[in-house]
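This report describes selected features of one protein model. The sequence and the structure come first, and the notes come after them.

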Amino acid sequence: MKRISIAEGVEFLEAPQQESWLMNNGLLISGEEVIMIDGRFGEEETLAFIRENNVSRYFISHFHIDHASDAWRIAGETDCRPALNRTEYQYLQSSENMSRATGYGQAGVHKLVEEILMPRMGLQYVPSIGSYELAEIEAISKGQLLAVPAPGHSPGHYCLYAPQSNSLYTCDLGLDRFGPWYGFPHCNLNDFLTSIEKARELNAKQLFSSHRPVIREGTGEAIDRIKTIIEKRHEQVLNAWKKGRKTVKEIAQEGIFYQRTDTHGKRAVPVMCYWQESMVRCHLEYAGLHAEDSE
Ligand SMILES: [Zn+2]
């Protein structure tokens with residue numbers, strides 16, 4: 001794993017594999033307390049790193065499966081306490097909360113997620129999960145990191161800005177190959193676009209993120225690309241609508257978001273279809289359109 005200093009007491013932790021669901025990059029903040037924000041480098045490796053560096057709290061940036069999967073193991077096998085942002089921590093506490101927050105229950109795919117995706121990703125619920133405020137990150141880093149709320153990808157999603165090196169930790173804003181993601185009903189395109197704008201205006205000269213190595217050239221363009229992808233998808237959704245596709249299901253089948261829906265196996269197709277349909281809904285809502293198959 002590569003460690004890159006981005007401010008006094010703040011290091012970026014670059015996972016050995018990028019753009020992988022099983023790993024992600026993180027931050028290590030060594031102040032009066034040592035905390036980690038995300039960072040998954042392999043099951044045993046993550047635990048070993050936490051122990052070696054005396055990390056006392058593990059702040060999960062947002063509740064998504066690729067970020068929250070190590071929490072239960074960290075809670076059970078180290079002295080470090082996992083916590084999630086104030087807006088989302090309850091989602092990870094129980095099956096019922098997760099089902100509601102993601103809309104999986106209502107869509108009838110929650111069982112599939114629990115049977116297929118959760119074991120594959122190693123996610124377990126953590127009834128004892130703690131929570132944290134963004135102000136705590138600022139305080140522990142002694143002001144080296146400024147929290148920038150950036151909802152849209154998830155309701156409690158945020159970025160962290162390090163003025164000292166003019167670096168921005170964009171977390172899961174969508175700089176990687178997968179692009180911006182907003183496949184749950186609580187994702188909001190308006191919020192997402194505002195968050196992208198905010199990140200852009202900081203004019204950072206280095207961009208750090210969850211699933212990509214550091215970007216030092218064309219930082220503005222890298223952020224613009226996220227917006228371009230959303231705009232292109234929006235146009236495609238509107239074109240499908242104009243062609244007479246008046247249901248979310250029909251528009252989703254146009255393959256605007258996923259070329260293939262079986263990348264997690266045949267059984268998980270309904271889950272991917274659900275994500276895709278949720279994204280279509282986000283665009284229709286953004287355009288003020290009402291699909292025939294929406295309540
Ligand atoms: Zn995410």
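The sections below cover a metal site, two helix contacts and several single residues in what is a predicted model.

## Zinc site

Four protein residues donate to the zinc ion: H62 through NE2, H64 through ND1, H153 through NE2 and D172 through OD. Their distances from the zinc ion run from 2.0 to 2.5 Å. The angles among the four donor atoms range from 89 to 173°, and the site is irregular. A tetrahedral site would need all angles between 85 and 135 degrees.

Along the chain the donors are spaced as H-x1-H-x88-H-x18-D. H62 sits in the loop between strand 5 (57-60) and helix 2 (65-68), and H153 sits in the loop between strand 8 (146-149) and strand 9 (158-162), so this pair ties together parts that are 91 residues apart in sequence. Both H62 and H153 are buried.

## Helix 11 and its two partners

Helix 8 (residues 189-201) packs against helix 11 (residues 269-287) at an angle of about 85°, and the two axes are 9 Å apart. Helix 8 is therefore roughly perpendicular to helix 11. On the helix 8 side the residues are L189, N190 and L193, and they meet C282, H283 and Y286 of helix 11. Sorted by class, this contact has four nonpolar residues, two polar residues and no charged residues.

Helix 9 (residues 219-242) also packs with helix 11, here at an angle of about 80° and with axes 10 Å apart. Because of that angle, helix 9 and helix 11 are roughly perpendicular to each other. Helix 9 contributes I230, R233, H234, V237, L238 and W241, while helix 11 contributes M279, H283, L284, Y286 and A287. The classes in this contact are eight nonpolar, two polar and one charged. H283 and Y286 of helix 11 appear in the contact with helix 8 and in the contact with helix 9.

## Positive phi at N54 and K142

N54 has a phi near 50°, which is a positive value in a residue other than glycine. N54 is placed in the loop between helix 1 (43-52) and strand 5. With a relative accessible area of 59%, N54 is exposed.

K142 is another residue other than glycine with a positive phi, here near 55°. The loop that holds K142 runs between helix 7 (134-140) and strand 8. K142 is exposed, and its relative accessible area is 59%.

## Loop residues T170 and P155

T170 belongs to the loop between strand 10 (167-169) and helix 8. The relative accessible area of T170 is 1%, so T170 is buried. Apart from neighbours within four places in sequence, T170 is in contact with H157, C159, L175, L207, F208 and S209.

P155 lies in the loop between strand 8 and strand 9, the loop that also contains the zinc donor H153. P155 counts as partly exposed, at 27% relative accessibility. The C-alpha atoms of P155 and E88 are separated by 7.4 Å, although the two residues are 67 residues apart along the chain. Not counting residues up to four places away in sequence, P155 touches T87, E88, Y91 and H186.

## Buried residues M98 and F12

M98 is part of helix 4 (residues 95-102). M98 counts as buried, with 6% relative accessibility. Leaving out neighbours within four places in sequence, the contacts of M98 are F63, Y91, L92, H110, L123 and Y125. Y91 is also touched by P155. M98 and Q144 are 46 residues apart in sequence, and their C-alpha atoms are 33 Å apart in space.

F12 is found in strand 2 (residues 10-14). Its relative accessible area is 0%, and F12 is buried. Beyond neighbours within four places in sequence, F12 is in contact with K2, R3, I4, I6, N25, G26, L27, Y169, F208, S209 and R212. F208 and S209 are also among the contacts of T170. The C-alpha atoms of F12 and I37 are separated by 9.5 Å, with their positions 25 residues apart along the chain counted as the distance apart.

Terms used. Residues numbered from 1 in each chain as written. Predicted model: local features only at pLDDT ≥ 70, side-chain atom pairs only at ≥ 80, totals over all residues. Heavy atoms only, no water. Donors = N, O, S within 2.8 Å, 3.2 Å for Na, K, Ca; no water. Tetrahedral: all angles 85-135°; square planar, octahedral: opposite > 155°, others 65-115°. Helix = DSSP H or I, 4+ residues; strand = E, 2+ residues; numbered from the N terminus. Buried < 20%, exposed > 50% of the residue type's maximum accessible area, 1.4 Å probe, protein only. Axes fitted to C-alpha atoms, helices over the stretch in contact; angles between N-to-C directions. Parallel < 35°, antiparallel > 145°, perpendicular 65-115°, else oblique. Contact = heavy atoms within 4.5 Å. Nonpolar A, V, L, I, M, F, W, Y, C, P; charged D, E, K, R; others polar.
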